[in-house]
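Student: I would like a close look at a single part of this model, namely its nonpolar interior. Please take it step by step and give the cut-offs as you go.

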Amino acid sequence: MKIINSPQIFSHRGANKEAAENTQSAFDAALQYAIDGIETDVQLSSDEVNVLWHDDTLEKVGLLDKHIDDLSFAVLQEIDVAKYFFSEAHSESFMTLQSFLGRYRKRCRLLLEIKCYEGELPVRQKIKVRQTLAMVGAVRRDDIMVSSFHLPSLLAAHQYAPEFPLVYNLEPEQGFAEARQVLTEHPFLHGLCVHISTLNAVMIQLLRRQNKCIAVYTCNTDEDIKTALKLGVDILITDFPQKALQLRD
């Protein structure tokens, strides 16, 4: 397993303060900086197309009571995502995971978060996981990783691809005890992604002792970025990659 010596800067949903999150414009904007990687979110349309979207609902595009999997990809393509984030942005719709991988996998490291909303059917979640791994293909290093807050998704992913690097995301209220337990019960995990509020030297030591990757989200203030850098995380996820790069370098 490759553990990074210098903290790597990952842009959160692309440069989401400069363009609509999880769109090609946001990813292209992020790559204008010397970032090390991009973090994005994977969901599934009603007709089983893996698309990039973060939230449980489509409230951000005016559909409060709808999930991604309520709509077909053709319908999703009719939604101008960009205008809901930046009124003067050019028209831009949902990006597929396949398109994202084709455009960015050779340009930087990638962290693909498998989303799962409450009430989502387990069978569809497994389809989402299986298709994501199939699109990525064989990976024998951590240039592309899959993460999730939904542990059953990672268990399914491990069954499909036992060698694939999988990262478990901890909620802000989950601290050292939960981290130690999940690593004990699931030693196959490549590492953990923890909230900046729970990051401390003890957490770092736990992961280092087990030779696991340590990622942290979402470091946006100078204080949070400096804390993550000082503690020596492997991956620092931020909405402000240019700030994190300046503080690191």
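How many residues does the largest nonpolar core have, and which of them have the most contacts inside it?

Tutor: The model is predicted, so local features are used only at pLDDT of at least 70 and side-chain atom pairs only at pLDDT 80 or more, whereas totals for chains, interfaces and linings use all residues. Residues are numbered from 1 along each chain as its sequence is written, and side-chain values use heavy atoms, with hydrogens and water left out.

The largest nonpolar core (buried Ala, Val, Leu, Ile, Met, Phe, Trp, Tyr and Cys residues joined through side-chain atoms within 4.5 Å) has 54 residues, and those with the most contacts inside it are Phe100, Leu110, Leu112, Leu192, Leu199, Val216 and Leu236. Buried here means under 20% relative accessible area, exposed over 50% and partly exposed in between, with a 1.4 Å probe and protein chains only. Apart from the largest core lies another, of 13 residues, which includes Val61, Leu76, Ile79 and Phe94.

Leu192 shows what surrounds one of these core residues: once its neighbours within four places in sequence are left aside, its contacts (heavy atoms within 4.5 Å) are Val167, Tyr168, Leu170, Ala179, Val182, Leu183, Leu207, Cys213, Ile214 and Ala215.

Packing can also be followed from helix 6, residues 151-160, where Leu151, Ser153, Leu154, Ala156 and Ala157 are buried. These buried residues of helix 6 pack against two helices, helix 5 (122-136) and helix 7 (176-185), and against strand 4, strand 5 and strand 6 (166-169).

For the protein as a whole, 56% of the 249 residues are buried, and of the contacts with a separation of 6 or more, 58% join residues 24 or more positions apart. The protein has 10 helices and 9 strands, counted as DSSP runs (H or I, at least four residues; E, at least two) and numbered from the N terminus. Its radius of gyration is 17 Å, close to the 18 Å that the globule rule gives for 249 residues (C-alpha atoms; 2.2 Å times the number of residues to the power 0.38), so the protein is as compact as a globular protein of that length. Along its principal axes the C-alpha trace spans about 50 × 40 × 35 Å.

Burial also reaches a loop: Arg13, between strand 1 (8-12) and helix 1 (24-30), is buried at a relative accessible area of 12%, and has a positive phi of about 60 degrees although it is not a glycine.
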